[in-house]
Amino acid sequence: MTQRQERSSVSRRLAYFVISVVFANYLLDSFLDVVKVSATPARIVGSLACLLAIGYLQLRVFSRPGADLRSGRAYLALGAMAALVYGPLLFFPVEWTGMHGFLAGSVLLVLPGRIRWLVYGAVALSNGLIQAWSVQDLSTQVYYVIASLVSGLVVYGLSRLPSQVKQLETVRSELASLAVSQERLRFARDLHDLLGFSLSAITLKVELARKLLGAHTERALRELAEILGIAREALADVRAVASSYRELSLTDEIESARSVLTAAGVAVTIETDHQELSPRSRTVLATVLREGVTNLLRHSEATRCTITISGAGCSASIDIVNDGAPAEVDAERGSGLTNLATRATAIGGSLLAQTSAEGTYRLHAEVPVEPVAEEPAAGPQPAGQPMATRFAKMLFTVLVVGYGLMSLSQVAFDYPRIGLSGMAVAALATVVELGLVLGLVGRPHVRLNMANTLAVLAVMAGCVYVPVWIYENPLIAVPGFLAGSAALLLPRPFGWMAFLAIGTGQYFVWTATGFTGSWVVYGLIAVTNHGLVLYALTRLRSMVTELHEAREELATAAVAQERLRFARDLHDLLGYSLSAITLKSELTHRLAVIDPDRARQELTEVLEISRQALADVRSVALSYRELSFDEETQSAQALLSAADIEVTVRIDACDQLPKEVTVTLATVLREGVTNLLRHSKAEHCEIVLASSRHLVTMDIVNDGIPTVERRSRDGSGIGNLTTRVRALGGDLHAGLTPEHTYRLRAEIPLPLN
């Protein structure tokens, strides 16, 4: 198991542990209230049965990762939860107020769209309104509403984040595969567009030139000249496709240069003294080295070469100096230097090539150790932060602020005794705690040294204990923030020891301020819950961010691996063939007049090589297979889920559909999902494929209507899809529906058997 997999496993175990403890504390708090207020055997047994049923529904139905929360079973469980929350209020009107959070959170998990937030707010508001019958104090009623809102978000967040982590673990591999598929398709297009036509043309012209030799030598020479031009252009195309398709190793290129130059009889001296470089800078230097050595062997008659790679400060440089300076630089070589200069400039570097008066040729490149930021590649990714990280950040902020408001509303109960000054001190202490938690403790990428950590904890401890000591009110601060922050900031064993010490210390704080019994238990539960929720949401938020970054790294690595394989295929299969075609065509051009028979023999070999090269192009391109509808469906589900879009898929069996139909449908599905992610703010998407004897239809429907006319943004993509669908006799429609959704519909007729 890799370190990242271990972290993922730890995050899931942490989520399950925190969910169990926090939910158990909520249930225990209500049970203690029942025991304290109405401790008869029947009431105790009845309340315990209801509480256990609520806990079972929450853990086994609503909070279980992978559960289908749009099923009839989920709606039935939500109805049962509502009955368990509101029914016991007839017997426990005050003791049961903490259960509304479970119903509010479950509503957010089960109900669709915006209606869930309306029902969530109604559940929380109902708690305050119901308590108005027995509690006349307005601050108490407000407290019950806020408590329901906060605990509902706790239930919702702790239930959702494990699923988010699991989805990200799954989708990162899907995205890597998708990235590879996109790269493969691009490679296949490049091969077809750049090389397929060229090699086919060479084959035809070689056959024609062979027939013309002898009888029409002059025309044969013209054909040979065109063959040479096509072959050279095709070789340049191979380099264009293969260049930048992999990260080069500078060490490997140095050894390769030493070996090649030595084999060519060039005395070589290589000196390296450079610091660690970023992959992009290292690749540029390796590319300059490769191209410089290639040009030396191809264009000069050098006997000595000195290669120096050095680095100082923020930059590194390479010098390739040889004693075989050419009389002039031809176009092909100039193009290669232009490409190198473009690569160096792209990362903030420079390139210089010059001939000295002593007859030496120098190629010099300089690159920064840390290059300028690379422009992100365009792709089917939603704008802004990924949904999982935005959700985690929003949830964390709302809950921290909610806990602070709950604390202040509790302090308001004691306003007659502590007065305005006490409320002001409580507000100041709470705001400082909230600022430290949101600004430092809860941010995933903030790392504090030990001195700063101790300073933050000291300030928070002052906010917690100084007001309690002055006003003798243990509710005047949020000690759970201090406990959770200690667990997060201190090294693991010491952090949890501090967490336990702060929790235990609350017993003495409550008893020293005159509180006993159930109040002390309540204080311990509050500290534990607040601290665990702070710790868990911070860790899980950090894990979601790490997993999101990991999936991008994996996708990039998968693409790099595919580029490496493709570059090797191009080099091994096509580079030699095209070079051989070029050389033999040049030879044939010279022999056409003086030795026609030998020229025909050379052309026969050129023909065989060109046919083999064309077969090689096809063999490389064939490995980049056509789209699979099943795989595109799975990728669409993974992508939409990663973007926090609820997706429903209903697919009829399509095994018997013609291949060209499934490929076209897969293309429509990919483009439709891509446009959805780029141009809409959908919350739900439905993908439906239905087939009959004579017709197959596919609908992609989403509720994310853009603010501008859709056609103006993705009309080109829709136009291309329409062309593909109409080529099969079908039709494509895209637009708004009467239900205020956006639908992309493809209809393709099926051939009669």
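This report walks through a few helices, sheets and cores of the structure above. Keep in mind that the model is predicted.

**A serine inside a helix**

Let's start with Ser151, which sits in helix 6, residues 138-212. Is Ser151 buried or exposed? Its relative accessible area is 7%, and because the cut-off for buried is under 20%, Ser151 counts as buried. Its side chain has company from the backbone: a polar atom there lies 2.7 Å from the backbone oxygen of Ala147, and the side chain also reaches the backbone oxygen of Ser148 at 3.3 Å. Why might partners a few places back be on hand? An α-helix has 3.6 residues a turn, so residues three or four places apart point the same way. If you skip residues up to four places away in sequence, Ser151 touches Tyr26 and Gly101.

**Helix 4 and the cores**

Gly101 takes us to helix 4, where it is one of the buried residues. How many of the eleven residues of helix 4 (residues 100-110) are buried? Eleven of the eleven are, so this helix is largely enclosed by the rest of the structure.

Phe102 is another buried residue of helix 4, and it's a busy one. In the largest nonpolar core, which has 92 residues, Phe102 is among those with the most contacts, along with Val22, Phe62, Trp96, Val154 and Phe481. Leaving out neighbours within four places in sequence, the residues that Phe102 contacts include Phe23, Tyr26, Leu27 and Val155. Apart from this core lies another one, of 31 residues, including Ile318, Leu340, Tyr361 and Val367.

**Two open sheets**

Now for the strands. One open sheet has five strands in the order 1-2-3-5-4, with mixed pairing. Its edge strands are strand 1 (267-273) and strand 4 (350-355), each pairing on one side only. From one strand to the next, the twist averages 10°.

Another open sheet also has five strands and mixed pairing, this time in the order 6-7-8-10-9. At its edges stand strand 6 (646-651) and strand 9 (731-736); each has a single partner strand, so one side of each is left without a neighbour in the sheet. Here, neighbouring strands are turned by 10° against each other on average, ignoring direction.

Here is one antiparallel pair from each sheet:

| Strand pair | Residues | Bridges |
|---|---|---|
| Strand 3 and strand 5 | 315-322 and 361-368 | Eight |
| Strand 7 and strand 8 | 684-691 and 695-702 | Seven |

You can look up single bridges too: Asn322 has Tyr361 in strand 5 as its bridge partner, and Val688 has Asp699 in strand 8.

Technical notes: Residues numbered from 1 in each chain as written. Predicted model: local features only at pLDDT ≥ 70, side-chain atom pairs only at ≥ 80, totals over all residues. Heavy atoms only, no water. Helix = DSSP H or I, 4+ residues; strand = E, 2+ residues; numbered from the N terminus. Buried < 20%, exposed > 50% of the residue type's maximum accessible area, 1.4 Å probe, protein only. Polar contact = N/O pair within 3.5 Å; in protein donor to acceptor, adjacent residues only side chain to side chain. Contact = heavy atoms within 4.5 Å. Pairing = 2+ DSSP bridges. Axes fitted to C-alpha atoms, helices over the stretch in contact; angles between N-to-C directions. Core = buried A, V, L, I, M, F, W, Y, C linked by side-chain atoms within 4.5 Å.
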